[in-house]
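User: I would like to learn how to read strand pairing, burial and backbone angles in a model. Please take me through one case.

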Amino acid sequence: MRGFVLYAVFLLILAAAVCVTAVIVRKKEEKRLGEFQDDILKKQREEVQNIYQTMRGWRHDYHNHMQTIKAYLSMGQVEETLAYLEHLEEDLDSIDIAIQTGNVALDAILSSKVSIASKRQIQVNYTAKVPDQLHVSDVHLCAIIGNLLDNAVEACESVEEGKRFIRIYIGIFKKQLYISVSNATSATRRRSMAELATTKQGEHGLGLGRVDRIVESYNGYLNRKNEPGVFATEIMLPL
């Protein structure tokens, strides 16, 4: 009888230890994921703030720019004036946030990521238009787009200049929010999703997992296509 009691106590202690270990592991994973999400949001906030700070600086210098142009024209220096205007146009193009999707948060994150991609010699083509009201929250929408484009930019950086591209489409399809992001990759063969997951460890691996969990939480649809030279993600979320 005593042996049975000791055995039962042992099993209870073992079960308790397993439960405690599981809780500790889960807490650590939640903390790790939380820290990752905080880092992503901080990074995105800094990117957007950088764009607006640059715009404010450009606006602040507007008077000086006009004075310089007037000075060139008063001296009849037309070529210098045109060169100066061309320089200003290039500078303004680099901070363009004219993307208007119908959602302010989406405008900001798309403008930020497109600006970063352009600076890295990546050709970006985008079409994005969404309703004023969406079922998916702005935070989740920005997390999806931000993670997809971060991965797309990273993949393009391994491709030679001139062949780098990202294509973005966000709109309504079959009464659902449809998101498609495709990009160039240096992969020369098709890889399985399991194989791909093993190469996406660390920050970007967490990013893909974050996207998966968000889509699942909305009972949405997600499909990844991995072909030689091209990687694409399709997502459908209920309106």
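Analyst: This is a predicted model. Start with a pair of facing residues: Q176 stands opposite P238 in β5. The strands concerned are β3 (residues 176-184) and β5, which run antiparallel and are joined by 9 bridges.

User: Which residue in β5 does N226 stand opposite?

Analyst: N226 faces F231 of β5. Here the pairing is between β4 (residues 221-227) and β5, again antiparallel, over 7 bridges. These two strands form a hairpin with 2 residues between them, and G229 takes a positive phi near 85 degrees there.

User: Is β5 mostly covered or mostly open?

Analyst: Mostly covered: strand β5 spans residues 230-238, and 7 of its 9 residues are buried. As a general idea, side chains in a regular strand alternate between the two faces of the sheet.

User: In what order do the strands lie in the sheet?

Analyst: The order is β1-β2-β3-β5-β4, an open sheet of 5 strands with mixed pairing. β1 (123-128) and β4 have a single partner strand each, so they stand at the edges and one side of each lacks a neighbour in the sheet. From one strand to the next, the twist averages 10 degrees.

User: How many bridges pair β2 with β3?

Analyst: There are 8 bridges between strand β2 (residues 165-173) and β3, in the antiparallel sense. One facing pair is I168 and V181, the latter in β3. Helix α5 (residues 138-156) packs on this sheet and touches β2, β3 and β5. The direction of α5 makes about 15 degrees with that of β3.

User: How do I read a single residue in the sheet? Take N183: is it buried or exposed?

Analyst: Use relative accessible area, where under 20% counts as buried. N183, in strand β3, has a value of 4% and is therefore buried. Next, list its contacts, leaving out residues up to four places away in sequence: N183 touches A152, A155, C156, F165, I166, G229, V230 and F231. G229 also appeared above, as the residue with positive phi in the hairpin of β4 and β5.

User: And a residue in a helix? Which residues does I69 touch?

Analyst: With residues up to four places away in sequence set aside, I69 touches T81, Y84, L85 and L88. I69 is found in helix α2 (residues 62-74). Its relative accessible area is 10%, so I69 is buried. The C-alpha atoms of I69 and Y84 are separated by 7.5 Å, although the two residues are 15 apart along the chain.

User: Which residues form a nonpolar patch on the surface?

Analyst: V78, L82 and L85 form one, with about 270 Å² of accessible area together. V78 lies in helix α3 (residues 78-93). L85 is also among the residues that I69 touches.

User: Where is K174, and what is its phi?

Analyst: K174 is found in the loop between β2 and β3. Its phi is near 55 degrees, a positive value in a residue other than glycine. At 66% relative accessibility, K174 is exposed.

User: What is the phi of Q121?

Analyst: Near 60 degrees, again positive in a residue other than glycine. Q121 is found in the loop between α4 (104-119) and β1. Its relative accessibility is 48%, so Q121 counts as partly exposed; the exposed class begins over 50%.

Methods
Residues are numbered from 1 along each chain as its sequence is written. This is a predicted model: local features need pLDDT of at least 70, side-chain atom pairs count only at pLDDT 80 or more; totals for chains, interfaces and linings use all residues. Side-chain values use heavy atoms; hydrogens and water are left out. Buried means under 20% relative accessible area, exposed over 50%, partly exposed in between (1.4 Å probe, protein chains only). Helices (H or I, at least four residues) and strands (E, at least two) are DSSP runs, numbered from the N terminus. Two strands pair if DSSP finds at least two bridges between them. Patches are made of residues with over 30% relative accessible area and no salt bridge: like charges are joined within 9 Å, nonpolar side chains (Val, Leu, Ile, Met, Phe, Trp, Tyr) within 5 Å. Accessible areas come from the Shrake-Rupley method with a 1.4 Å probe; for residues, only the protein chains shown count as cover. A salt bridge is a side-chain nitrogen of Lys or Arg within 4 Å of a carboxyl oxygen of Asp or Glu. Axes are lines fitted to C-alpha atoms, for helices over the stretch in contact, and angles run from 0 to 180 degrees between N-to-C directions. Contact means heavy atoms within 4.5 Å.
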